[in-house]
Amino acid sequence: MTSSPFRGFSARGAFVGSVAVVLVCAVTASAQQPTPTANVAGKWSLVVRTDEGPQPRTLEMAVSPTGAITGTIESSQGVVALTSARLSGDRVRFELSIAGGEIRVEFDLTVRGDTLRGTFRQDEWRGDVLGVRGDGPVRFPSSESDSPLY
């Protein structure tokens, strides 16, 4: 007869221990994910600084209580759905695919009230992004010294 390494443990004890491990893991995972603190739902007017100059965009977002974002971004080329979109604290991050999925663009933005500011990255290109809530026109400041820090 072989000795069991679990000898002396009851089924009830094993169940309680398993529940405790699951709860600790869940609390640890939720503690690592900052909860959404910014209100980003709705329509935003953006301008993206590219090699061809500033390009206007319209961003629409809806946010779940967990911080998952659904939405679209629109340019003169059309409307594209956001993917991997998330609000964490005051940071908005999302991706989009263009050219039939061959080109991926990543956005990393910070929210301050009714302003979004950050960067986009597409392959080796990177540019600034500035946005305001609603339909208003958006322009980059004329010089970096005029650039508000929020």
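The following exchange explains how several descriptions of this predicted model are reached.

Me: What makes up the secondary structure of the protein, and which pattern does the chain follow?

Reply: The protein has one helix and nine strands. Along the sequence these follow the pattern α-β-β-β-β-β-β-β-β-β.

Me: How much of the protein is buried, and how much surface is accessible?

Reply: Of the 150 residues, 25% are buried. The accessible surface is about 10000 Å², and carbon and sulfur atoms account for 56% of that area.

Me: Why are β8 and β9 said to pair?

Reply: Two strands pair if at least two bridges are found between them. Strand β8 (residues 115-122) and β9 are joined by eight bridges, so the requirement of at least two is met and they are called paired. Their sense is antiparallel. One of the bridges sets Thr-119 against Asp-128 in β9. The two strands form a hairpin with two residues between them, and Asp-123 in the turn has a positive phi of about 55°.

Me: What makes β1 a partner of β9?

Reply: Five bridges join strand β1 (residues 42-50) to β9; at least two are needed, and therefore the strands count as paired. They run antiparallel, and Leu-46 stands opposite Gly-131 in β9.

Me: How do you know that β3 and β4 pair?

Reply: Strand β3 (residues 69-75) and strand β4 (residues 78-81) share four bridges in the antiparallel sense. Since at least two are required, the pairing follows. Ser-75 has Gly-78 in β4 as its bridge partner, and a hairpin of two residues joins β3 to β4.

Me: Why is Phe-107 called buried?

Reply: Buried means under 20% relative accessible area. Phe-107 has a relative accessibility of 6%, so it counts as buried. The same reasoning applies to Phe-120, which counts as buried because its relative accessibility is 7%.

Me: Why is Thr-119 called partly exposed?

Reply: The range for partly exposed lies between the 20% limit for buried and the 50% limit for exposed. Thr-119, in strand β8, has a relative accessibility of 21% and therefore counts as partly exposed. Its contacts beyond four places in sequence include Glu-106, Phe-107, Arg-126 and Asp-128. The C-alpha atoms of Thr-119 and Phe-107 are separated by 5.9 Å, although the two residues are 12 apart along the chain.

Me: What makes Gly-136 partly exposed?

Reply: Gly-136 has a relative accessible area of 29%, which falls between 20% and 50%, so the residue is partly exposed. Gly-136 is found in the segment after β9 (125-133). Gly-136 and Leu-46 are 90 residues apart in sequence and 9.2 Å apart from C-alpha to C-alpha.

Me: Why is the pair of Phe-94 and Phe-107 called stacked?

Reply: The structure holds two aromatic pairs. In the pair of Phe-94 and Phe-107, the ring centres are 4.7 Å apart and the planes make an angle of 15°. Rings pair if their centres lie within 6.5 Å, and planes under 30 degrees apart count as stacked; both conditions are met, so the pair is stacked. Phe-94 belongs to strand β6 and Phe-107 to strand β7, 13 residues apart. Both residues are buried.

Me: Why is the pair of Phe-107 and Phe-120 called tilted?

Reply: The centres of Phe-107 and Phe-120 are 6.1 Å apart, with 35° between the planes. The distance is within 6.5 Å, and the angle is neither under 30 nor over 60 degrees, so the pair is tilted. Because Phe-107 lies in strand β7 and Phe-120 in strand β8, the pair ties together parts that are 13 residues apart in sequence. Phe-94, Phe-107 and Phe-120 form one aromatic cluster.

Me: How do you know that Arg-49 lies over the face of Phe-140?

Reply: Arg-49 lies at 4.0 Å from the ring centre of Phe-140. The distance limit is 6 Å, so that part of the requirement is met.

Me: Which residues have the most contacts inside the largest nonpolar core, and which strand gives the most to it?

Reply: The largest nonpolar core has 22 residues, and Leu-59, Met-61, Val-92, Phe-94 and Phe-107 have the most contacts inside it. Strand β7 gives the most to this core, with four residues. Beyond four places in sequence, Met-61 touches residues including Trp-44, Ile-69, Val-92 and Leu-116.

Methods. Residues are numbered from 1 along each chain as its sequence is written. This is a predicted model: local features need pLDDT of at least 70, side-chain atom pairs count only at pLDDT 80 or more; totals for chains, interfaces and linings use all residues. Side-chain values use heavy atoms; hydrogens and water are left out. Buried means under 20% relative accessible area, exposed over 50%, partly exposed in between (1.4 Å probe, protein chains only). Accessible areas come from the Shrake-Rupley method with a 1.4 Å probe; for residues, only the protein chains shown count as cover. A nonpolar core is a set of buried Ala, Val, Leu, Ile, Met, Phe, Trp, Tyr and Cys residues joined through side-chain atoms within 4.5 Å. Contact means heavy atoms within 4.5 Å. Rings of Phe, Tyr and Trp (its six-membered ring) pair if their centres lie within 6.5 Å; planes under 30 degrees apart count as stacked, over 60 as edge-to-face and the rest as tilted. A charge sits over a ring if NZ of Lys or CZ of Arg is within 6 Å of the ring centre and within 35 degrees of the ring normal.
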